[in-house]
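Visitor: I'm new to this structure and would like a close look at one part of it. Please take me slowly through the sheet and the aromatic rings around it, and tell me how far to trust what I see.

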Amino acid sequence: MKNFTILFISLFIGAFVMAQDSIPDVYNNIYYDQDYKLYHQYKGKNYYTVDNNTTLTLSNMQGNPIANSMGLEFNFNDPN
């Protein structure tokens, strides 16, 4: 039972180590820096990823179509 427990714990911990993100070799010049930030290297310059915060979501884009005498009316809940 002790050996089974040790085996189970080692496999459990090993799964976390193996689950780390890696970049496939087919993506050229894409790396992680020492702070684990993703960047693309082009002509010796590093371009980091940008968080894109948007109000456009799938639920907003589906809208609430309503049929009226003129056809379909969509409300996309655009806050702007």
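Guide: Happy to. First, the whole chain: it exposes about 7800 Å², and carbon and sulfur atoms supply 58% of that area. Buried residues make up 5% of the 80 residues in the chain. If you count contacts between residues at least 6 apart in sequence, 2% of them join residues at least 24 apart.

Now, the trust part. What you have on screen is a predicted model. The mean pLDDT of the chain is 77, with 75% of its residues reaching 70 or more. That confidence isn't spread evenly: helix 1, residues 2-18, has the lowest mean, 66, while strand 3, residues 45-48, has the highest, 94. Where pLDDT is low, the predicted coordinates should not be read in detail. Go easy, then, on the details of helix 1, where confidence is lowest.

Next, the layout. The chain has two helices and five strands, and if you walk along the sequence you meet them in the pattern α-β-β-β-α-β-β. Our sheet is an open one, built from three strands in the order 1-2-3 with antiparallel pairing. Strand 1 (30-32) and strand 3 stand at the edges with a single partner strand each, so one side of each has no neighbour in the sheet. From one strand to the next, the twist averages 40°.

Follow the sheet along the chain and you'll pass a few spots worth pausing at. Before strand 1, in the loop that connects helix 1 to it, sits Asn29. Its phi is near 60°, a positive value in a residue that isn't glycine. Most residues other than glycine have a negative phi, which is why this one is worth a glance. Asn29 is partly exposed, at a relative accessible area of 35%.

Past strand 1, look for Tyr36 in the loop between strand 1 and strand 2. Here again phi is positive, about 60°, although Tyr36 is not a glycine. Then comes strand 2, residues 38-42, which runs antiparallel to strand 3 and is joined to it by four bridges. These two strands form a hairpin with two residues between them. Lys43, in the turn, has a positive phi of about 50°. Right by that turn, Tyr42 stands opposite Lys45 of strand 3.

That brings us to the rings. A pair of aromatic rings is described by the distance of the centres and the angle of the planes. You can find three aromatic pairs in the structure. One of them joins Tyr31 and Tyr39: their centres are 5.8 Å apart and their planes meet at 45°, which makes the pair tilted. Tyr31 is partly exposed, with 35% relative accessible area, whereas Tyr39 counts as buried because its 13% falls under the 20% cut-off. Another pair, Tyr32 with Tyr36, is stacked, with 4.4 Å between centres and 10° between planes. Both of its members are partly exposed: Tyr32 at 30% relative accessibility and Tyr36 at 43%. So Tyr36 turns up twice on our walk, once for its positive phi and once as a ring partner of Tyr32.

Let's finish on Tyr31, which belongs to strand 1. Leaving aside residues up to four places away in sequence, Tyr31 touches Ile23, Lys37, Leu38, Tyr39 and Gln41. Tyr39 is therefore a neighbour in that contact list as well as a tilted ring partner. Ring pairs also link Tyr31, Tyr39 and Tyr48 into a cluster. Tyr31 and Tyr48 are 17 residues apart in sequence, and their C-alpha atoms lie 9.7 Å apart in space. If you want one place to rotate the view around, try that tyrosine cluster of Tyr31, Tyr39 and Tyr48.

How values were computed
Residues are numbered from 1 along each chain as its sequence is written. This is a predicted model: local features need pLDDT of at least 70, side-chain atom pairs count only at pLDDT 80 or more; totals for chains, interfaces and linings use all residues. Side-chain values use heavy atoms; hydrogens and water are left out. pLDDT is the predictor's confidence in each residue, from 0 to 100. Two strands pair if DSSP finds at least two bridges between them. Rings of Phe, Tyr and Trp (its six-membered ring) pair if their centres lie within 6.5 Å; planes under 30 degrees apart count as stacked, over 60 as edge-to-face and the rest as tilted. Buried means under 20% relative accessible area, exposed over 50%, partly exposed in between (1.4 Å probe, protein chains only). Contact means heavy atoms within 4.5 Å. Accessible areas come from the Shrake-Rupley method with a 1.4 Å probe; for residues, only the protein chains shown count as cover. Axes are lines fitted to C-alpha atoms, for helices over the stretch in contact, and angles run from 0 to 180 degrees between N-to-C directions.
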